[in-house]
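User: Please take a close look at a single part of this model and then follow it into its surroundings. A formal, connected account would suit a reader at the bench.

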Amino acid sequence: MRSGEITIRLDGHTLRCADVAMAAAATGPVALEMSPYALRTAEQSWRLAEDLSCRRTVYGRTTGVGANKDDTVRGEGSTEHGLRLLRSHAGAGGDRMPDGQVTAMMLIRLNQLLAGHSGISPALITALGDALRAGSLPLVHRLGAIGTGDLTPLAETALALAGEHTWLRNPVPAVPVHAGDALAFMSSNAATLAEATLAALRLDTLTKASHAVVALSYVALGGNPEAYATPVHEARPHPGQIACAAEMRRMLGMEGTPAPGRRIQDPFGLRAFPQVQGPALDSVRYLREVLAVEINAGTENPMISTAHGDAYHHAHFHTAYVASALDQARATVHQVAELSAARLGDLVEPEFTGLRPFLAAGPAGSSGVMILEYVAHDALTELRQAALPVTLGTAVVSRGLEDHASFSTQAARAATAACAAYQQLLACELVAAVRALRMQQADLAGLPAGTAYQRAAEVLDPDPADRPLTADITRAAEVLDSLATV
């Protein structure tokens, strides 16, 4: 979608994951509107924070941060203290953060600020909105967060707004940063949430597309429809499992009494698909629910509450919900991916397809799609590594004061890697399934699975001769988005 086609409306409470993806896809200006009511609320929060800072100790405003929490900075130059905090926390490392993630981070952070709990100056909120509208992109690096606040990428962004850090494109006029603005701007996990949101939406698409891929493999393998029958899944009614079985029945037109399969019981790749896919569907849905809360949350520490006229020190910066949901999603998707690799093994086996080994069509000894299994298991190994839980580790930093970390940042990066690996696996299975159906001259007319077959067959080379399959895998990966909508 081109930037500017749809206006994103921000009020601190109703940002959608789809809006985040839309902003990430923009290569220029992002069309957005900020709620006037939210802006007024944010200004009231700023005025209250300024007043409280004159009357009581407020962390990060009248004190240092981290283990410097007991160091009083009252009376120092307001602007200088804020800039000093940003400069010291902008020491990121690693590669550049992807442009789309940076834009998504900026959108999420702007929306969170509009929730009105940060006490940040209205000028900085306006400047961030102007930067998005201008398609501005600050230089932001990947490394520097452990799931307790994306301090380094947000410090780099704030310094760019203050005129002290690099803009990669379309710089906006610099704005002053006061003492209370620095921590208030950094006190968020917006960069992690951006990557997590994009990965969650990708996983959602891939899990939807997998129903179409499995349906094609089912037809090629002559699967037994009893495994997807309604009475079976009503007996153990987990939501994701029921939804998967229903989708398979829809894809395959299993109304009434479907034709029996070739075997009384299929291999697990077909027979256990609803039981394994179900947890993945449920976990991806839960991940999206967690992210929908987080991208609309006022997470700043301290929280400035205009309703109660006070500041509250807390731990909303800790993202255990996000890390745990990401760990669960990657683990369950890995299990589904193992079934994809198993079905690919069935598709090259004559006993299951009635075709030649490896779906070969040339002289004796032709390899056909033999290499697909190697590619698939390479991708599966990458996915297995990406699925390892991050929540089993922790960190103790800032002289022992901050003694736990969620590592949601690393969980989000692993989710991105998991998406890429799972896409390759499904692509390999799809290439083999389409070739088998072509060789069988299967009739899928009138079925949603038939629509999926047509879309895939249109982009996959029909030549069955031994040849490089790299282009086929690439095209199959690209068509998965289309299959998700069948």
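Analyst: A polar contact is a pair of N or O atoms within 3.5 Å; within protein, one must be able to donate a hydrogen and the other to accept it, and residues adjacent in sequence count only if both atoms are side-chain atoms. Such a contact stands at the start of α2, where a side-chain oxygen of S35 comes to within 3.3 Å of the backbone nitrogen of Y37. The model is predicted: local features need pLDDT of at least 70, side-chain atom pairs count only at pLDDT 80 or more, and totals for chains, interfaces and linings use all residues. Residues are numbered from 1 along each chain as its sequence is written, and side-chain values use heavy atoms, with hydrogens and water left out.

Helix α2 covers residues 36-55 (helices are DSSP runs of H or I with at least four residues, strands are E runs of at least two, both numbered from the N terminus). At 1.5 Å a residue, its 20 residues should span 28 Å (1.5 Å times one less than the number of residues), and the end C-alpha atoms lie 29 Å apart, which agrees.

The buried residues of α2 are A38, T41, A42, S45, L48, A49, L52 and S53 (buried is under 20% relative accessible area, exposed over 50%, partly exposed in between, with a 1.4 Å probe and protein chains only). Because they cover an arc of only 135° around the axis, they sit on the same side of α2 (the arc is taken from the directions from the axis to the C-beta atoms). An α-helix has 3.6 residues a turn, so residues three or four places apart point the same way. P36, R47 and C54 are exposed on the other side of α2. The cover over the buried residues of α2 includes the helices α4 (99-113) and α5 (122-134), together with the strands β7 (303-305) and β8 (310-312).

S45 of helix α2 shows this packing in detail. With a relative accessible area of 1%, S45 is buried. Beyond its neighbours within four places in sequence, S45 is in contact (heavy atoms within 4.5 Å) with G116, H117, S118, G119, I304 and T306. Its C-alpha lies 4.6 Å from that of G119, although 74 residues separate S45 and G119 in sequence. The side chain of S45 also reaches the backbone oxygen of G116 at 3.3 Å.

S118, one of these contacts of S45, also lines the largest cavity, as do Y59, G60, R61, G180, L183, A184, E300, N301 and P302. On a 1 Å grid over the protein atoms alone, a cavity is a set of points where a 1.4 Å probe fits but cannot get out, a pocket is an open set with protein on both sides within 12 Å along at least five of seven lines, and lining residues have an atom within 4 Å of a point. The largest cavity has a volume of about 60 Å³ (the space filled by probe spheres set on grid points joined across faces, edges and corners), and the structure holds two cavities of 30 Å³ or more.

Y59 appears again at the largest pocket, where Y59, G66, T148, L151 and E402 lie nearest the centre among 33 lining residues. This pocket holds about 760 Å³ of space. Helices α3 (78-89), α6 (151-161) and α7 (179-186) each supply at least two residues of its lining. Eight of the eight residues of α7 are buried, so α7 is largely enclosed by the rest of the structure. Among these buried residues are G180, L183 and A184, which also line the largest cavity.
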